[in-house]
Amino acid sequence: MIYQRVALIGLGLIASSMAHAMRAGGLAGEIVGYAQSPETRAVAKELFCDRVTASAAEAVQGADLVVLAVPVGAMGAIAAEIGPHLKPGATVTDVGSVKQAVVDAVAPHLPEGVHFIPGHPMAGTEYSGPRSGFATLYQNRWWLLTPPEGCDPKALARLRSLIEGMGAKVDLLEVGHHDLVVAVVSHVPHAIAYTMVGVADHMRRVSQSEVIKYSAAGFRDFTRIAASDPTMWRDVFLTNKDAVLDILGRFAEELFVLQRAIRMGDGEHLHAYFTRTREIRRGIIEAGQDTAAPDFGRVAPAPKGG
Ligand code: NAP
């Protein structure tokens, strides 16, 4: 056991997966939970929490580790509420997809003697809520931590063993660098998927149901990403504004170059460009971050009729 008592604030996909993984690995003595709605708390009590409470302040009392697993925009208010109730020596971490905004919102509310180690599991699905979690979500995935200068090494090592106990690999990053990297690997790809599905939605009105009917792998993968939780993603774009706008600007420039190559019939350019991008995909597979199976390992649907 790594922590005697863990308090999860927010009980959706990320927190419920943590709870399942902690239970499977015997990593926590007691898991206490709080979420805003009584429905979510009831599901959490049934599926993965030893105890749920009617307030965040109550949930963190006596906890050795507190995990903030609410949308990024809700973190500040939660921190203000729990600050006075934290146990001296406790560790507070979060799982927010953006780090600078969380540090700015949370750190001022935490008392001396509490260790704040912001974090971000690089794992997720398009599902949300307390029923969507599963114990293997973090298996072999990266979990980024952005410890502040002067962070207590013992508190950091303990949090690290919990995360590794859930199957993830830990890397340490500086806060601003984190926000730029995730803008490239996660936030802007989501923006593009939302936009492409928006374009197809508009087209659908023109071409009736053809967009859905012939939906092939490329577009289908965009629709999966674009099905992600609207509250979470609203907060991500509002709080990682600078990095997202920087990368979107670069994206637009690349798109113009591609558009020009297509217009000019510059096949050489297109071929060289796609050869480079294929190498990147190969690198991701070699790094164990995705499967090499065709169509992401999807099982083909059984033929209809007959
Ligand atoms: P989720 O499944 O939508 O769950 C969010 C949870 O937060 C719910 O239990 C919700 O409670 C609770 N909540 C929302 N506002 C609250 C408030 N003001 N006070 C108390 N509880 C509140 O979300 P998630 O996917 O687990 O995401 C949680 C965090 O992880 C976010 O910060 C997100 O950026 C980050 N993250 C997500 C992913 C991903 O792919 N999903 C990946 C990495 C990091 P109710 O159910 O009662 O509304």
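How do the residues of the lining of the largest cavity divide into nonpolar, polar and charged? The split is six nonpolar, one polar and one charged, with Ala, Val, Leu, Ile, Met, Phe, Trp, Tyr, Cys and Pro taken as nonpolar, Asp, Glu, Lys and Arg as charged, and the others, Gly among them, as polar. The model is a predicted one, where local features need pLDDT of at least 70 and side-chain atom pairs pLDDT 80 or more, while totals for chains, interfaces and linings use all residues. Numbering runs from 1 along each chain as its sequence is written, and side-chain values use heavy atoms, with hydrogens and water left out.

A cavity here is a set of points, on a 1 Å grid over the protein atoms alone, where a 1.4 Å probe fits but cannot get out; lining residues have an atom within 4 Å of a point. Just one cavity of 30 Å³ or more turns up. The largest cavity comes in at about 40 Å³, the volume being the space filled by probe spheres set on the points. Its lining includes Met18, Trp143 and Leu159.

On to the domains, whose bounds come from an automatic or database domain assignment: the chain splits into domain 1 (3-173) and domain 2 (177-286). Their C-alpha centres sit 30 Å apart. Contact (heavy atoms within 4.5 Å) takes in 16 residues from domain 1 and 16 residues from domain 2. About 1,200 Å² is buried between the two, 67% of it from carbon and sulfur atoms; buried area is the accessible area (1.4 Å probe) that two parts lose on being put together, summed over both. On the domain 1 side, Ser97, Val98 and Glu126 lose the most area to domain 2, together 40% of what that side buries.

Terms used:
1 Å grid on protein atoms, 1.4 Å probe; cavity = no way out; pocket = protein on both sides within 12 Å on 5 of 7 lines; lining within 4 Å.
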